[in-house]
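Trainee: Could you take me through one part of this structure slowly? I would love a close look at the aromatic rings and how they pair up.

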Amino acid sequence: MKPNKKFTPTRCISFIILSITLAACTPEQQTNIMQGTQNIQSQQGSSTANNSNAAAELPDPALKMQKLVFYYSSPWSELAHLDNGSDNYKKLAGTLARIQTVAARNADARNQLPVVLINGKNQCIDTRSVGLYKHSCQTIKIDYSDEEVSYEFPIEIEAVLSHEWGHHLARTSQLEVSPTEHEIVADCFAGVVFGYYVKNNLISTDEGVKALQMMAQLSNNSEGGIHPNMENRTSAFLGGLAQIAEPAGEYRELYPRYCASLERILDTAKVRSLGLSWKG
């Protein structure tokens with residue numbers, strides 16, 4: 001994602017995410033982005049083949065989620081390359097649905113899946129936004145551009161989708177915290193999702209770096225506004241990532257420090273044990 005001026009992340013932020021992802025991935029996996037993409041795309045097929053009996057008792061929420069994703073190709077020719085990630089946006093929505101169903105502590109929240117609009121609109125949300133969640137209709141809205149900010153890479157869209165889903169989880173779980181803490185919870189949840197991806201070798205190091213850059217770029221370093229500053233936002237994301245991908249590693253202290261509110265509504269141990277195939 002980029003505003004009119006190109007964002008350049010600090011070297012230390014990139015080094016932190018590189019340290020975690022390098023520890024989780026082999027050199028071959030680090031250099032082969034397509035491997036991660038192919039694995040993501042195979043999740044639903046493998047779950048259907050391996051768990052037909054379990055699915056009869058508890059249908060795969062990833063399959064249910066596909067009916068709630070409304071994707072439209074780019075209306076902006078200069079951003080048409082982002083359409084290449086369309087399958088992964090849908091597969092990510094399925095993964096998010098699985099995580100919520102398995103790990104949400106609030107039983108009522110587990111089955112409340114949101115509508116996801118990408119480059120589209122409905123009666124609830126008809127304004128353009130690069131990232132928005134509206135709880136009254138449980139809808140996540142993402143556009144490639146809002147005319148002020150535009151995405152550069154598909155993985156950035158996945159990071160924002162995960163963040164907005166974090167808002168959905170917090171609201172459906174009836175978490176009562178300040179608006180700024182809601183943003184931290186959403187950042188922690190996005191980190192958890194990417195930690196799941198790192199743990200299961202579904203993304204490359206480069207993609208992990210770009211996701212962290214997204215969190216940094218959306219920071220608020222002024223005294224006004226509800227969005228956390230860069231340090232808090234990136235620490236929350238890294239805390240969530242480390243909690244799943246490397247819970248005993250160098251950055252293990254970030255999660256309890258920044259993400260205690262998320263742990264109140266999400267059992268991350270269940271996320272850590274969640275495999276690629278749906279087991280009912």
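Mentor: Happy to! One term before we begin: a residue counts as buried when its relative accessible area is under 20%. Keep in mind, too, that this is a predicted model.

Now to the rings. The chain has 4 aromatic pairs. One of them joins Tyr71 and Tyr89, whose ring centres are 6.2 Å apart, with 50 degrees between the planes, a tilted arrangement. Tyr71 belongs to strand 1 (residues 69-71) and Tyr89 to helix 6 (residues 86-103), so this pair links parts of the chain 18 residues apart. Are these two tyrosines buried or exposed? With a relative accessibility of 18%, Tyr71 counts as buried because the cut-off is 20%. Tyr89 is buried as well, at 1%.

Next, look at Phe194 and Phe237. Their ring centres lie 5.7 Å apart and their planes meet at 55 degrees, so this pair is tilted. Phe194 sits in helix 8 (residues 179-199), while Phe237 sits in helix 10 (residues 230-245), so the pair ties together parts 43 residues apart in sequence. Both Phe194 and Phe237 are buried. Ring pairs also bring in Tyr196 and Tyr197, giving a cluster with Phe194 and Phe237.

One more ring deserves a glance: Phe153 has Lys210 over its face, 4.6 Å from the ring centre.

To place all this in the wider chain, there are 13 helices and 4 strands, and 53% of the 280 residues are buried.

Methods
Residues numbered from 1 in each chain as written. Predicted model: local features only at pLDDT ≥ 70, side-chain atom pairs only at ≥ 80, totals over all residues. Heavy atoms only, no water. Helix = DSSP H or I, 4+ residues; strand = E, 2+ residues; numbered from the N terminus. Buried < 20%, exposed > 50% of the residue type's maximum accessible area, 1.4 Å probe, protein only. Phe/Tyr/Trp six-rings, centres within 6.5 Å; stacked < 30°, edge-to-face > 60°. Lys NZ or Arg CZ within 6 Å of the ring centre and 35° of its normal.
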